[in-house]
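Good morning, everyone. Please bring the picture up on your screens, and I will walk through it slowly, from the whole chain down to single residues.

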Amino acid sequence: PRTGWLIGLIGEGIGGSLSPAMHMAEGDAQGCRYIYRIIDLVALGRSVDDLPALLDGAIMLGFDGLNITHPCKQAILPLLDEVDDDALAIGAVNTVRIVDGRTRGYNTDVSGFRVGIERDIGAIRGHRVAQLGAGGAGAATAAAVLSMGATHVAVVDTDVGRAERLAATLCARFGADAATASTDIAAALADAQGLVHATPTGMAAHPGLPLDAGLLRPDLWVAEIVYFPLETALLKAARVTGCRTSHGGNMAVFQAVGAFEIFTGRKADGDRMMRHFAAL
Ligand code: SKM
């Protein structure tokens with residue numbers, strides 16, 4: 001069996017990514033030779049237009065896989081030989097497996113968010129969900145909750161057109177009543193069991209609450225995607241209110257768990273990767 005892998009991460013301004021540390025620590029813990037390199041378009045003076053050349057280069061140089069991040073997750077899709085269903089449905093790939101020069105794309109942001117909800121919230125079949133944020137991360141989180149059997153996602157975004165486009169994509173995949181776009185988070189929460197937060201608010205660089213904390217109720221579960229800091233103002237308010245919560249480290253870690261498993265064909269230890277992530 002194989003015990004060595006060469007992996008890369010392609011994106012813009014990714015020098016501070018925690019992915020190399022997360023992946024290589026798991027490789028070390030499994031006694032593997034696992035190398036994970038940053039391929040930063042900014043540092044290289046390149047742009048997303050150079051993605052075809054970089055992908056070819058990675059294939060020629062014997063890379064076994066790539067993570068793909070902003071702003072390349074959409075642009076990589078037409079360059080791949082095969083694309084998995086989750087990734088195809090949301091039009092974004094974050095993980096590429098390379099075998100014998102052939103490429104297959106996956107989206108472990110979707111599966112990673114799903115794992116976090118399963119672990120911290122549990123079953124959400126039949127739930128109505130209010131979601132703040134209709135960007136790339138929001139496309140993944142909404143697909144994840146609907147794939148778990150949630151019956152409706154109300155997508156709220158300051159950019160109404162973006163919310164409408166995401167809702168339309170979700171309805172095309174999950175059924176005509178699966179999603180609506182809304183500008184009113186209070187109304188969206190009134191008949192919801194869950195809240196998904198998928199905007200940058202609450203990050204160290206964008207501190208604050210993404211909504212009026214008075215809208216939270218103890219019967220609501222709250223899932224966050226911001227992971228720096230791990231306890232955002234929203235999660236703190238949710239905890240004080242008595243909500244069940246899932247922090248943003250889950251999506252960050254379990255997308256890496258999923259990618260590691262796709263790259264290597266080996267099981268990753270999610271709890272070990274979470275402990276390591278929390279210590280970074
Ligand atoms: O989807 C992930 C990607 O796999 C890695 C990453 C990073 O290291 O910054 C961010 C997300 O886009």
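**From the surface to single residues**

Let me begin at the outside, where the chain exposes about 12,200 Å², of which carbon and sulfur atoms supply 54%; accessible areas here come from the Shrake-Rupley method with a 1.4 Å probe, and for residues only the protein chains shown count as cover. Before going further, I should say that this is a predicted model, in which local features need pLDDT of at least 70 and side-chain atom pairs count only at pLDDT 80 or more, while totals for chains, interfaces and linings use all residues. Residues are numbered from 1 along each chain as its sequence is written, and side-chain values use heavy atoms, with hydrogens and water left out.

How much of the chain is buried? Buried residues make up 50% of the 280 residues, where buried means under 20% relative accessible area, exposed means over 50%, and partly exposed lies in between, with a 1.4 Å probe and protein chains only.

The secondary structure comes to eleven helices and twelve strands, which are DSSP runs numbered from the N terminus (helices are H or I with at least four residues, strands are E with at least two). The radius of gyration of the chain is 19 Å, close to the 19 Å that the globule rule gives for 280 residues, so the chain is as compact as a globular protein of that length; this radius is taken over C-alpha atoms, and the rule is 2.2 Å times the number of residues to the power 0.38. Along the principal axes, the C-alpha atoms fill a box of roughly 55 × 35 × 35 Å.

Next, the domains, whose bounds come from an automatic or database domain assignment. Domain 1 covers 4-106 + 253-279, and domain 2 covers 110-247, with their C-alpha centres 26 Å apart. Nine residues of domain 1 are in contact with 13 residues of domain 2, contact meaning heavy atoms within 4.5 Å.

Now to single residues, starting with leucine 77, which sits in the loop between strand 3 (65-68) and strand 4 (82-83). Is leucine 77 buried or exposed? Leucine 77 counts as buried because its relative accessibility is 16%, and, leaving aside neighbours within four places in sequence, its contacts include Val83, Leu88 and Val93.

Proline 71 is in the loop between strand 3 and strand 4, and the peptide bond leading to proline 71 from histidine 70 is cis, with omega near 5°. Another cis peptide bond joins phenylalanine 228 and proline 229, with omega about 5°, and proline 229 lies in the loop between strand 11 (221-224) and helix 9 (233-241).

Finally, aspartate 100 is found in the loop between strand 5 (95-99) and strand 6 (102-106), and, at 79% relative accessibility, aspartate 100 counts as exposed. Its phi is near 50°, a positive value in a residue other than glycine. As background for these last residues, most residues other than glycine have a negative phi, and most peptide bonds are trans.
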